[in-house]
Amino acid sequence: MTTVDSPSDTRPDPLGVLVRDLQQLRLDAGAVSYGEIAQRIVARRMSEGASEAASRVARSTVYDAFQPGRRRLNPGLVREIVLALGLDAAQADEWHERCVLTRQPAPAPTVAPAAPAPDAHPDDATATPPAPLVPPQALRRALIAVLLVACLGLNLFGTTLVLRLEIPLFLDTIGTALAAFALGPWYGVAVGVATGLFGMVSSTPETVVFSAVSVVAALLWGYGLRRYARTPLRFLALAVTVAVACSVVAAPLNLALYGGASTNASSAFLPVTTSLGLIASVFTVNLGASLVDKVLTALLALVAARWLAPLQLTGPPPALLRTPGGRVSA
């Protein structure tokens, strides 16, 4: 009697085909070494805000993904590998979906319950963390717009509060800092410039030039939090750096527009420092107020940004916003 193979005996293994295609993609990309692929994945993760520890991926993890005979393969790792090999995000999503489909059980020939899925490969558990729940794209855009308007309102409210109560601070960049922390440096720049434009309408036209101070602060806060300030101590150093940089920009503008005596209450301290000379006196007074102002501003903005971090409105949050050990509170 001739034995006829069942269809399941001849059906190609989807995971095996995917691995072969992955091997071919690596060869087409120039036979990139497994170590180089791992390094590219680490660099991409860190550029998206992940900490150095969370970005690590072993060369052996990448190597195993290219080996035939695997029972399962992490879709997230596959996506990162094909991105490292030069494919764009849309193509990487297709590979991810394809890998997900290989993990679904084949149709059962009988009504017997399917066996439970095997445990994940040890490398799979550490290669890529599960994707967080984030709002849909349209909702995220709406939330970003609302947040930017709220940040602008914070800046204007702080400015009004300082003028009404004659506080020797500025409090006009809290919203700028929040946008830079929660969304990114250029969102902070947008809030800072918008604040200057509103100030030009509500007070005097020349105040718009002080937008340059907000631009400097936004860029330092946004990039500094993502590339440098991964601990509370570094965050404090970043706030001090922002204060010094803002004074370097603001003091000459103050001298040019107001001769050193601005409408801010901190100008009352100028007579105390007149022995230093006009330029040094203006800078010293501005720096003193700016140090207190920018540290307080940064702490308040960080608390708010940590509350918004789970939404991941523009991508993975910086390390200090999501690391449990990195809490900084006002």
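## Exercises on a predicted helical model

In α6, the residues P75, G76, V78, R79, V82 and L83 meet A89, A92, D93, W95, H96, C99 and V100 of α7. The model is a predicted one, and the exercises below work through parts of it.

**Exercise 1.** Describe how α6 and α7 pack against each other, and sort the residues of their contact by class.

*Solution.*
Step 1. Locate the helices: α6 covers residues 75-84 and α7 covers residues 89-102.
Step 2. Read the geometry. The angle between the two is about 150°, and their axes lie 8 Å apart.
Step 3. Name the arrangement. Angles over 145 degrees count as roughly antiparallel, so α6 is roughly antiparallel to α7.
Step 4. Give the handedness: the crossing of α6 past α7 is right-handed.
Step 5. Sort the contact of α6 with α7 by class, which gives 9 nonpolar, 2 polar and 2 charged residues.

**Exercise 2.** Carry out the analysis for α12 and α13.

*Solution.*
Step 1. Helix α12 spans residues 211-227, and helix α13 spans residues 232-258.
Step 2. They pack at an angle of about 160°, with 9 Å between their axes. The cut-off for roughly antiparallel is over 145 degrees, therefore α12 is roughly antiparallel to α13.
Step 3. α12 makes a right-handed crossing as it passes α13.
Step 4. List the contact. From α12 come A212, V213, V216, A217, L220, W221, G224 and L225, and from α13 come F235, L238, T241, V242, A245, C246, V249, A250 and L253.
Step 5. Sort the residues of the contact of α12 with α13: 15 are nonpolar, 2 are polar and none is charged.

**Exercise 3.** State where S247 lies, whether S247 is buried or exposed, and which residues S247 touches beyond four places away in sequence.

*Solution.*
Step 1. S247 belongs to helix α13.
Step 2. The relative accessible area of S247 is 0%. Buried means under 20%, so S247 is buried.
Step 3. Leaving out residues up to four places away in sequence, S247 touches P252, F283, N286, L287 and S290.
Step 4. Compare chain and space for one pair: S247 and L291 are 44 residues apart along the chain, and their C-alpha atoms are separated by 9.1 Å.

**Exercise 4.** E166 has a positive phi, and L171 has a positive phi. Find the place of E166 and of L171, and classify the accessibility of E166 and of L171.

*Solution.*
Step 1. Phi of E166 is near 55°, and E166 is a residue other than glycine. Phi of L171, also a residue other than glycine, is near 55°.
Step 2. E166 sits in the loop between α9 (137-165) and α10 (174-182). L171 is in the loop between α9 and α10.
Step 3. E166 has 61% relative accessibility and counts as exposed, because exposed means over 50%.
Step 4. L171 has 10% relative accessibility and counts as buried, because this value is under 20%.

**Exercise 5.** How many disulfides are there, and are C151 and C246 buried or exposed?

*Solution.*
Step 1. A disulfide needs a pair of cysteine sulfur atoms within 2.5 Å. By this rule the count is 0.
Step 2. C151, at 0% relative accessibility, counts as buried. C246, with a relative accessible area of 2%, is buried.

**Exercise 6.** Summarise the protein chain by its helices and strands, its burial and its contacts.

*Solution.*
Step 1. The protein chain has 15 helices and 0 strands.
Step 2. It has 330 residues, of which 40% count as buried.
Step 3. Among contacts in the protein chain with a separation of 6 or more, 69% join residues 24 or more positions apart.

Note on methods. Residues are numbered from 1 along each chain as its sequence is written. This is a predicted model: local features need pLDDT of at least 70, side-chain atom pairs count only at pLDDT 80 or more; totals for chains, interfaces and linings use all residues. Side-chain values use heavy atoms; hydrogens and water are left out. Axes are lines fitted to C-alpha atoms, for helices over the stretch in contact, and angles run from 0 to 180 degrees between N-to-C directions. Helices (H or I, at least four residues) and strands (E, at least two) are DSSP runs, numbered from the N terminus. Angles under 35 degrees count as roughly parallel, over 145 as roughly antiparallel, 65 to 115 as roughly perpendicular and the rest as oblique. A crossing is left-handed if the near helix is turned anticlockwise from the far one by less than a right angle, and right-handed if clockwise. Contact means heavy atoms within 4.5 Å. Ala, Val, Leu, Ile, Met, Phe, Trp, Tyr, Cys and Pro count as nonpolar, Asp, Glu, Lys and Arg as charged, and the others, Gly among them, as polar. Buried means under 20% relative accessible area, exposed over 50%, partly exposed in between (1.4 Å probe, protein chains only).
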